[in-house]
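Subject: Structure handover

Hello,

The structure for your project is placed below. My notes on what was found in it follow.

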Amino acid sequence: MKRQVLVFLSILCLRSALSQVSYSIPEEMAKGSLVGNIAQDLGLNVKRLLAGKARIHTGDNAEYIQLNREKGLLVIKEKIDREALCAQTTPCALHFQIALENPIEIFPVTVEITDINDNAPMFEQDERRFEISESAIVGSKFILGNALDSDIGLNGLQSFTLKPNDNFILKLHSQSDGGKKVEMILQKPLDREKQEFASLLLIAVDGGDPQRSGTMQIHITVLDANDNAPVFTQNVYKASVKEDSVRGTLITKVSASDADKGSNGEISYTMVKRGISKLFHVTEDGSLILYGPIDYEKAKKYEIDIEAVDRGGLSDSSKVVVDVGDINDNNPIINIISSSNTISEDSRVSTVVAVMSVNDPDSEENGNVHCTIDRNIPFSLTSSASNFYSIVTESDLNRERSSEYNITVTCSDEGVPSLSSSVTLTLKISDVNDNAPVFERSSYEAYIVENNTPGLSIFTVKATDPDWNQNARVSYLLEDSFVNGVPVSSYVAVSADSGVIHAVRSFDYEQIKDFQFLIKAQDGGSPPLSSNVTVKIQIQDQNDNPPQVLYPVQTGGSVVAEMVPRSADVGYLVTKVVAVDVDSGQNAWLSYKLQKATDRALFEVGLQNGEIRTIRQVNDKDTVKQRLAVIVEDNGQPSRSATVIVNVAVADSFPEVMSEFTDLIHDKEYNDNLTFYLVLALAVVSFLFITCVVVIISVKIYRWRQSRVLYHSNLPVIPYYPPRYSDTLGTGTLQHVYNYEVCRTTDSRKSDCKFGRAGSQNVLIMDPSSTGTMQRIQSEKSILDEPDSPIEVRL
């Protein structure tokens, strides 16, 4: 039989976001046959199908159509049998969706399967036997049953033919389910004596091209007279039964009567359609009971033909229409058409995450479905088309707040009790660099002890970034700045990975006590985000500087002596040792101790103030020349110290002091090269003569001015000079200023001193070299000329 294939296309443009394409194809097409050019019909590029990973979604249904993405064609995947797929349901169609990704798009497609005449009519029985009384009246009806043709429309059952038809004619009855019931009607009385047995052939013919047919053999046995046939009380019986009814449930009861008596009046009931005998059963008394499970979703109504037959072979028929009542016995079916596993946290609101379809095969309220989504999540459920739902973002996403969501969609019907189904989607939130590093503190302060080793670790700064992966990788940088005009990078360095701050150099507390700088924490995002923090470094002092003595000044060539009169009382202030320590704190706390002394019983040193005082009355037995060694110690650990030599002259007259200290100087120099000193002495005498003349003239001009000797120190501190000690009570120190003349030869052991009026200082300076003294006086002339100078010296 030649098969002609008609393919037509219709595209329906809906106002919704979805475009629907419909095709129509005949059944039984060969595998690989073309259904349609879906890319062209949808207005899509083949590249879009490939990039969007186009695929067919059929839900739980078998897949008969496949998509050729490379060509954009729909082709037959499996041969389609319309009768197996849809039975008698019309129209018969396949419904599926074309799903695309990036972006997500859904296109519904309907493929209608048209019928071809591939099935011949078939009777439920190959033969049928009747016993008919010869007394059967004209017009008696005999149910021959029905022929079944799986095809529909013109290809279905169309007509019946009975051969031979001498005594009987056929009558067709169309049924509401599309079937045809055939009856054989007696049109000429039978005569058993002429023909006891008769064989007829019933032919069922469809309207296809080519035409197909089926046959059933009818065997008739003629009986003796039974002139009354059974008659049903109703032509049609109506009943209903719930689909969850148990086996054996009584549906209804039919009844027929026969005017005959005896065996000719006994009636039996049978079902004409044998195909439903697995579901229903009629008893001998006419009770129709449920014999097997029924399902509303498969069949909503059954029409059952029941025949009443008496013992004489006469019969009547009636129809029982059974309506199946639906119950809520099906959960909604949720099919995920397309979904995303990951979404960026900077996605816009209303971004589609997933698309799903929901179906419930129940009817009315039992099939009405409503879907809901979890609360307290930034997603919502929207209905994009009939039975289609989309999960979209409802608000901004934040991976740092939640990096993953389990989205549960629950669909419930309106049945009582309600049935529901749920599906859970796992959605991960991908990170974007939207958080800058944050330091643990608003500022840092660290301490380091001076004289540190370069490269020493000082402190560690720490910053955290709530982002993920590379966006959370923090690097530390030292911001450019200057400390005392020097780049901060010459002081410290920071480790880019760990944030450890290292000292680049060794610090000196006496040069710098503290400094501050900025550290920048920068993440690895693109573009990177950063934040700054202030770090202050405090240098801690070490006891690395010994005390330095400011007074008395220790000169290399001259002898400095403090004079104490022999009339001095106990506690007489001889002088004061003044020292400083450039360290700080307890490292600069100084204490004074008498280390050595010519006479320890005569002097003591104040522990805190460095004052040298007498501890007993000075007497005539005490030697003129007293040498004290004072040690100055700081309070550091370990302690550092300095020693100063203090010469004290115990005498009431200046010549006595000069004589004693001159001996000291001469004894020290006597063993030197005599020739060298003779030449030197001659030069000195000449120089002293000229100097004395200049000094005498200067003193006479500035006699009214008082001067003090100013001792200079090379230390970077303000010198401290002891206070003047007046003798207003007559018990003080030596008179402040003495004017004297010295006459001396190079080999003389003694000198004559001529004392003048008193001045304001008790310090006596003697230089072993007259020439050196004169030079010193000339160099300091500008200082000696200033007011309040403590001493004037005349030679």
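Among contacts in the protein chain between residues at least 6 apart in sequence, what share joins residues at least 24 apart? The share is 67%, where contact means heavy atoms within 4.5 Å.

Before the details, the conventions. This is a predicted model, in which local features need pLDDT of at least 70 and side-chain atom pairs count only at pLDDT 80 or more, while totals for chains, interfaces and linings use all residues. Residues are numbered from 1 along each chain as its sequence is written, and side-chain values use heavy atoms, with hydrogens and water left out.

Confidence and overall content

The protein chain has a mean pLDDT of 79, and 82% of its residues reach 70 or more; pLDDT is the predictor's confidence in each residue, from 0 to 100. Two stretches stay under 50. Over residues 664–671 pLDDT is under 50, and the model has 8 contacts beyond four places in sequence for them. Residues 706–795 also stay under 50, with 192 such contacts in the model.

The chain holds 8 helices and 57 strands. Both are DSSP runs numbered from the N terminus: helices are H or I with at least four residues, strands are E with at least two. Of the 795 residues, 43% count as buried, meaning under 20% relative accessible area with a 1.4 Å probe on protein chains only; exposed is over 50%, and partly exposed lies in between.

Two open sheets

One open sheet has 4 strands in the order S19-S26-S25-S22, with mixed pairing. Two strands pair if DSSP finds at least two bridges between them. Strand S19 (236–242) and strand S22 (267–271) are at the edges; each has a single partner strand, so one side of each has no neighbour in the sheet. On average, neighbouring strands here are turned by 30° against each other, direction ignored. Axes are lines fitted to C-alpha atoms, for helices over the stretch in contact, and angles run from 0 to 180 degrees between N-to-C directions.

S19 runs parallel to strand S26 (residues 315–325), joined by 7 bridges, and Lys-242 stands opposite Gly-325 in S26. Side chains along S19 alternate: Tyr-237, Ala-239 and Val-241 point to one face and are buried, whereas Val-236, Lys-238, Ser-240 and Lys-242 point to the other and are not. At the other edge, S22 and strand S25 (residues 301–310) run antiparallel and are joined by 5 bridges. There Thr-270 stands opposite Glu-307 in S25.

A second open sheet has 3 strands in the order S3-S6-S5, and its pairing is antiparallel. Its edges are strand S3 (34–36) and strand S5 (65–68), each with a single partner strand, so one side of each is left without a neighbour in the sheet. Neighbouring strands of this sheet are turned by 40° against each other on average, direction ignored. S5 pairs with strand S6 (residues 73–76) over 4 bridges, with Leu-67 opposite Leu-74 in S6.

Aromatic rings and charges

There are 13 aromatic pairs in the structure. Rings of Phe, Tyr and Trp (its six-membered ring) pair if their centres lie within 6.5 Å; planes under 30 degrees apart count as stacked, over 60 as edge-to-face and the rest as tilted.

Phe-130 and Phe-142 are edge-to-face, 5.9 Å centre to centre with 75° between the planes. They link strand S10 (residues 127–133) and strand S11 (residues 141–145), and are 12 residues apart. Phe-142 also forms an edge-to-face pair with Phe-168, at 6.0 Å centre to centre and 75° between the planes. This pair links S11 to strand S14 (residues 168–174), 26 residues apart. Phe-130 and Phe-142 are both buried. The relative accessible area of Phe-142 is 1%, and Phe-168 is buried at 4%.

Elsewhere, Phe-439, Tyr-444, Phe-459 and Tyr-476 form one aromatic cluster.

A charge sits over a ring if NZ of Lys or CZ of Arg is within 6 Å of the ring centre and within 35 degrees of the ring normal. The charged end of Arg-247 sits over the ring of Tyr-291, 4.4 Å from its centre. Lys-300 lies over the face of Tyr-296, 5.1 Å from the ring centre.

A buried arginine

Arg-399 is in the loop between strand S32 (388–393) and strand S33 (404–413). Arg-399 is buried, with a relative accessible area of 12%. Leaving aside neighbours within four places in sequence, the contacts of Arg-399 include Glu-345, Asp-431, Asp-467 and Trp-468.

Regards
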